[in-house]
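Student: I would like to go through the charged side chains of this structure with you. May we begin once it is on the screen?
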Amino acid sequence: TAMKALIGSVEMYETVIAYYQEYDSQKETNRPQITSMKEAVMKQCRIDFELKSFDAFNTAIMSAADDADEDDTGSRLSATIQAATKLVGEIEPVKNLFPPNWNIDTHWAVCVSNVCSNDIIQKI
């Protein structure tokens, strides 16, 4: 897929940077530093994950809220937990596209927990 090709390219780019820096460190001249593509890709992934988790959470919470009694705090908190559970499961198809050392599931979990804890704080 296109995502796997992109990730493979980023990994190859990172490897080439390491080889170049090793080669360049043997010289006395000052050369410009090469920017890490992985950091840029990870930053964009975090932004995309945050937006995706917010949108998916709102959709799930609205659906669960339709089934819950608006005056019942327990039902509203239950809806939040159901939405969080749904979001946590959505990382499974995506995380296998990334190398394990990118910790994509951790980044996704942080975004989900941020959205859910904000929702819980608003309900309290």
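Student: How many salt bridges does a search of the whole structure find?

Tutor: The search finds three salt bridges. Please keep in mind that this is a predicted model.

Student: What does E90 form a salt bridge with?

Tutor: One partner is K52, with the closest N and O atoms 3.7 Å apart. This pair links distant parts of the chain, the two residues being 38 residues apart. E90 lies in the loop between helix 3 (73-89) and helix 4 (92-95), whereas K52 belongs to helix 2 (residues 37-67).

Student: And how far apart are the closest N and O atoms of E90 and K86?

Tutor: They are 2.8 Å apart, and E90 forms a salt bridge with K86 as well.

Student: Which residues do salt bridges that share partners join into one network?

Tutor: Before I answer, consider the accessibility of E90: its relative accessible area is 24%, so E90 counts as partly exposed. K52 is partly exposed at 43% relative accessibility, and K86 is partly exposed at 46%.

Student: Understood. Where does the K95 and E92 pair sit?

Tutor: Both residues are in helix 4, three residues apart, which means that about one helical turn separates them. Their side chains meet in a salt bridge of 3.6 Å, N to O. K95 has a relative accessible area of 27% and is partly exposed; E92, at 41%, is also partly exposed. Now to your network question: salt bridges with shared partners join K52, K86 and E90 into one network.

Student: Why can such side chains pair at all?

Tutor: Side chains of opposite charge can pair when their charged atoms come close.

Student: Let us change topic to D119. Where is D119 found?

Tutor: D119 is part of helix 5, which spans residues 104-123.

Student: Is D119 buried or exposed?

Tutor: D119 is buried: the cut-off is under 20% relative accessible area, and D119 has 13%.

Student: Which residues does D119 touch, not counting those up to four places away in sequence?

Tutor: With those neighbours left out, D119 touches F57, I61 and T80.

Student: What joins the side chains of D119 and T80?

Tutor: A polar contact of 2.5 Å joins the two side chains. T80 is thus both a residue that D119 touches and its partner in this polar contact.

How values were computed. Residues numbered from 1 in each chain as written. Predicted model: local features only at pLDDT ≥ 70, side-chain atom pairs only at ≥ 80, totals over all residues. Heavy atoms only, no water. Helix = DSSP H or I, 4+ residues; strand = E, 2+ residues; numbered from the N terminus. Buried < 20%, exposed > 50% of the residue type's maximum accessible area, 1.4 Å probe, protein only. Polar contact = N/O pair within 3.5 Å; in protein donor to acceptor, adjacent residues only side chain to side chain. Contact = heavy atoms within 4.5 Å. Salt bridge = Lys/Arg side-chain N within 4 Å of Asp/Glu carboxyl O.
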